[in-house]
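Student: Before we use any descriptive term for this structure, could we go through what each term rests on?

Tutor: Gladly; let us look at the structure and then take the terms in turn.

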Amino acid sequence: MKSFINKMREGIISENPVLALLLGICPLLAASTRLSDAVVMGMCAIVTTLFSALVIRFVKKKLPEKIKLLVCILFAVFIISIFELLLRAFLLPVSERIGMYLPLLSVTGIIFAKSIRFERVKKTSDALISALACGVGFFAVIFFMALVREVIGNGTFFGLRIFPEEYGMLVLTHPSGGLILLGVVIAVFRHFFGNPDKKEGAK
Amino acid sequence: MTDKKKVFLSPEKKKELLHTTLILAGILAVVSLALSGLNMLLRQSIDKAEMKPFVSAMSRICPAESYEETDYEHSDAGGVYALYKAYNGTELAGYCVETRANGINRDLRVAVGIDKDGKILKTEIISERERQSAGTKTTDEEFLSQFEGKSGEVTFVNGKASRESEIYDVVGSDISSPAVVDAVNRASLAVGNLREKEEKEAAEE
């Protein structure tokens, strides 16, 4: 249990895909203007990282070295495509808003970098916990970003109006505002949890 | 003349390459088959979900007892995605048209209700992904109500409208507002073409 908590903490905080490794920023910025979009994107990230970890563990000894990563990416695309079809059938407004950024998630650095990492881990359970933590880390950041951007920028919470639209900080709903907010979040994160680049250098 | 060196692959290398290619092709085939199967399974739900906003808008843009889809050919339609006839009993009440035009981020879906004489009854934006400032304000009643009662082609003007056929930009959006005007014009044109075609057919009979 203790090792599970430690691994989760490591994945969510010290190896957070967005705040520590700066991966998956494009889909993060695109889908963090509304909380509903952020939840869907975050869930997709969790399922995709978990699935790609499982696939890379399964094909570890069965496939030639050259195509392991290719197969892993292919399966990530497969999962995202399933999500995309399900969203179009049952949650069309969210699908229309997220648009091309959902397929983009399957080829972000999160899947590339983490797939290599999952392959090197000895136990399958460790790889799965690490994948779950990575997905949860992405989910946490995109949810927080969407919370700030939707509530302060647009004056709504999950689409419910909290205060009049004209009092909202409109710049937060634009890509530039999202980038500025992400910069602030990364700066605050690194102030409290340290700079992963410096830690790497020290090692 | 330059000598070209021919590169030969060893039999082991060839075998390895073939093996790798076959594995990748096999996985790709399985994944593609699974996805196309799922697509076929969900096709009806996807089509239904895509039509839902327009179907629910029909009773608002052209209230009637029943609606019937026309066989308007989409290849000639130029941005017209659906055209329904509205009936009160057996009498034609008007037309409901869904058109799409290029917005800032993606297509703007516009539903236009037109009466049997070709006059616009009501216009609604059923889906948009414009910027949250001027672009999203094209859904405002102040802008959309300008189309009501107009027939034929309308033109977009930046300042105040001086003619009956002009629509002015009340929201300050250089891209979204002309896109809506363009979509409404396409709807009027589609209904005009359909009426012309039907009148010709009736005359021939």
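**Reasoning from value to term**

Tutor: In this predicted model, chain A and chain B bury about 2,300 Å² between them, and 67% of that area is on carbon and sulfur atoms. In chain A, the residues that lose the most area to chain B are A:L74, A:L85 and A:E96, which together account for 23% of what that side buries.

Student: How many residues does the contact take from chain A and from chain B?

Tutor: Chain A gives 26 residues to the contact and chain B gives 25 residues.

Student: What pattern do the elements of chain A follow from the N terminus on, and what pattern does chain B follow along the sequence?

Tutor: Chain A has ten helices and two strands, and its elements run α-α-α-α-α-α-α-α-β-β-α-α. Chain B has four helices and seven strands, in the pattern α-β-α-β-β-β-β-α-β-β-α. Buried residues make up 48% of the 203 residues in chain A and 40% of the 205 residues in chain B. Among contacts with a separation of 6 or more, residues 24 or more positions apart account for 73% in chain A and for 49% in chain B.

Student: Why is A:G178 called buried?

Tutor: The term buried applies under 20% relative accessible area, and A:G178 is at 0% relative accessibility, so A:G178 counts as buried. This residue is found in helix 9 of chain A, residues 175–193, and, leaving aside its neighbours within four places in sequence, A:G178 is in contact with A:L29, A:M145, A:R149, A:V171 and A:L172. A:G178 and A:A146 are 32 residues apart in sequence, while their C-alpha atoms are 9.1 Å apart in space.

Student: Why is A:T48 called buried?

Tutor: A:T48 has a relative accessible area of 1%, which is under the 20% cut-off, and therefore A:T48 is buried. A:T48 lies in helix 3 of chain A and, with neighbours within four places in sequence left aside, is in contact with A:A76, A:I79, A:I80 and A:I111.

Student: Which residues of helix 4 of chain A does helix 3 of chain A meet, and at what angle do the two axes cross?

Tutor: The residues met in helix 4 are A:K68, A:C72, A:F75, A:A76, A:I79, A:I80, A:F83 and A:L87, and those of helix 3 that meet them include A:T48, A:F51 and A:V55. The residues of this contact divide into 15 nonpolar, two polar and one charged. The axes of helix 3 (residues 35–59) and helix 4 (residues 65–90) of chain A come within 9 Å and cross at roughly 145°, and the crossing is right-handed.

Student: How do you know that the span of helix 8 of chain A is close to the expected one?

Tutor: Helix 8 of chain A (residues 124–154) has 31 residues, for which 45 Å is expected at 1.5 Å a residue, and the helix reaches 43 Å from its first C-alpha to its last, close to that value. Just after helix 8 of chain A, A:G155 takes a positive phi of about 80°.

Student: What makes the phi of A:L22 and that of A:F158 worth a remark?

Tutor: Most residues other than glycine have a negative phi. Phi of A:L22, however, is near 55°, and A:F158, which is not a glycine either, has a positive phi of about 50°. A:L22 is placed in the loop between helix 1 (2–14) and helix 2 (25–30) of chain A, whereas A:F158 lies in the loop between strand 1 (156–157) and strand 2 (160–161) of chain A.

Student: Why are A:L22 and A:F158 called partly exposed?

Tutor: Partly exposed is the range between the 20% and 50% cut-offs. A:L22 has a relative accessible area of 43%, so A:L22 is partly exposed, and A:F158, at 40% relative accessibility, therefore counts as partly exposed too.

Student: Why is B:E91 called partly exposed?

Tutor: Exposed requires over 50%, and B:E91 is at 49% relative accessibility, so B:E91 counts as partly exposed. B:E91 is found in strand 3 of chain B, residues 91–102, and touches B:A86 and B:K116, not counting residues up to four places away in sequence.

Notes
Residues numbered from 1 in each chain as written. Chains lettered and ligands numbered in written order. Predicted model: local features only at pLDDT ≥ 70, side-chain atom pairs only at ≥ 80, totals over all residues. Heavy atoms only, no water. Buried < 20%, exposed > 50% of the residue type's maximum accessible area, 1.4 Å probe, protein only. Contact = heavy atoms within 4.5 Å. Axes fitted to C-alpha atoms, helices over the stretch in contact; angles between N-to-C directions. Left-handed = near helix turned anticlockwise from the far one by under 90°. Nonpolar A, V, L, I, M, F, W, Y, C, P; charged D, E, K, R; others polar. Expected span 1.5 Å × (residues − 1). Buried area = accessible area lost by both parts, 1.4 Å probe.
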